[in-house]
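Visitor: I have a structure open here and would like to go through it with you. Could we take it one topic at a time?

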Amino acid sequence: MSKRDFYDVLGVDKNASAEEIKKSYRKLARQYHPDVNKEADAESKFKEVKEAYDTLNDPQKKAHYDQFGHTDPNQGFGGGDFGGGFGDIFDMFFGGGASRRNPNAPRQGADLQYTMTLEFKEAVFGKETDIEIPKEETCDTCFGSGAKPGTKPETCSHCNGSGQLNVEQNTPFGRVVNRRVCNHCDGTGKFIKDKCKTCAGKGKVRKRKKIHVKIPAGIDSGQQIRLSGQGEAGVNGGPPGDLYVVFNVKPHEFFERDGDDLYCEMPITFVQATLGDEVEVPTLQGKIKLKIPAGTQTGTNFRLRGKGIPNVRGYGQGDQHIKVRVITPKNLTEKQKDLLREFGELTGNQAQDEQNENFFSKVKRAFKSFND
């Protein structure tokens, strides 16, 4: 099954800005997060959205994808089109890639990735926690040599420690020498006669290691932190790889996040909206008083500066945006209905006239701006 276009996955145009791509990813990640969406295909859609974002959010990967799409530009050169034949011929004449690498040279270990799910509050304020990950570490018995204590690896007698074998072949161009990885020592140039019983000669053992993680305040879904040296053990004394912790943040029942800003909806009564009032509003730091001016309309937005989420890189703090929604009363008593009828008779068409006046004033201003 062919992959969907990454722009279609995120629902953005190919000319979309980085901020538009990021905003669309956050929305879809919340929608398909397996902890929230229990549909059968939610997890696969979440992974598809994350793969698309990881590519389009990286300028280098995005440029490569815009040019080649899902197609590998190197396909056909030692790949599927030649079935490996081209690479074999190249190896016969030029010695192959095996001769270019020292089999005993130190190599860095592989990187690891760990996905952590956070509660909304944990992501906002940060936390410290311990995680356990399965990883390969240097064997404590043989210290990575793979040999039984008191012994050491011997030089491979088949390749004389080079890790490579020269194979002569007759070709239409004459006799050529093809250099291959030694199949007796797997290219290491060493042979272990007495293997370490702890690691069976591998020099590494798989363990579950506890790692302390400091989660910075303001972390968001899709973001990650790197723990240097916490990946797989290196080879031949090389340094270990790194551990990348990727975060998924659960949505909040009241707040909605966009970057470092918070958005919420606050219901108020018809009387509060008409006469004005002072109401309590929940924030990340606790409840505060918000003044509602008389005549406030439903949909009115209020901004609380600095009451949003702390920036994960330490660049200040976002704002909290509150959208007011006026609640129409239900199940009124007869007395309440009579009072509203009386109120309606007293005001007459005043409210409608005010709305019409505002509407026509906007129209006049619009026409005036076009004619100026």
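Visitor: How many disulfides does the structure hold?

Guide: Before anything else, please keep in mind that this is a predicted model. The structure holds 0 disulfides.

Visitor: Why is there no bond between Cys182 and the closest cysteine sulfur?

Guide: The closest cysteine sulfur to that of Cys182 belongs to Cys185, and at 3.7 Å it is too far for a bond, because a disulfide needs the two sulfur atoms within 2.5 Å. Cys182 itself counts as buried, with a relative accessibility of 1%.

Visitor: And Cys196, which cysteine has the closest sulfur there?

Guide: That one is Cys199, whose sulfur lies 3.8 Å from the sulfur of Cys196, which is again too far for a bond. Cys196 has 1% relative accessibility, so this residue counts as buried.

Visitor: Changing topic to the rings: how many aromatic pairs does a search of the whole structure find?

Guide: The search finds 5 aromatic pairs. One of them joins Tyr7 and Tyr65, whose ring centres are 6.2 Å apart and whose planes meet at 40 degrees, so this pair is described as tilted.

Visitor: Where do Tyr7 and Tyr65 lie?

Guide: Tyr7 belongs to helix α1 (residues 6–10), while Tyr65 belongs to helix α4 (residues 59–68), so their pairing ties together parts that are 58 residues apart in sequence. Tyr7 is buried, at 2% relative accessibility, and Tyr65 is buried too, at 7%. With Phe6, these two tyrosines form one aromatic cluster.

Visitor: What about Phe254 and Phe255, how are they arranged?

Guide: Phe254 and Phe255 form an edge-to-face pair, with 5.0 Å from centre to centre and 75 degrees between the planes. Phe254 is partly exposed, at a relative accessible area of 28%, whereas Phe255 is buried, at 8% relative accessibility.

Visitor: Let's look at helix α3 now. What span should its 15 residues have?

Guide: Helix α3 (residues 42–56) should span 21 Å at 1.5 Å a residue, and its end C-alpha atoms are indeed 21 Å apart, so the two values agree.

Visitor: Which residues of α3 are buried?

Guide: They are Ala42, Phe46, Val49, Lys50, Ala52, Tyr53, Thr55 and Leu56.

Visitor: And what covers those buried residues?

Guide: The cover includes the helices α1, α2 (18–32) and α4, together with the strand β9 (243–249). You have already met two of these helices, since Tyr7 lies in α1 and Tyr65 in α4.

Note on methods: Residues are numbered from 1 along each chain as its sequence is written. This is a predicted model: local features need pLDDT of at least 70, side-chain atom pairs count only at pLDDT 80 or more; totals for chains, interfaces and linings use all residues. Side-chain values use heavy atoms; hydrogens and water are left out. Rings of Phe, Tyr and Trp (its six-membered ring) pair if their centres lie within 6.5 Å; planes under 30 degrees apart count as stacked, over 60 as edge-to-face and the rest as tilted. Helices (H or I, at least four residues) and strands (E, at least two) are DSSP runs, numbered from the N terminus. Buried means under 20% relative accessible area, exposed over 50%, partly exposed in between (1.4 Å probe, protein chains only). The expected span of a helix is 1.5 Å times one less than its number of residues. Contact means heavy atoms within 4.5 Å.
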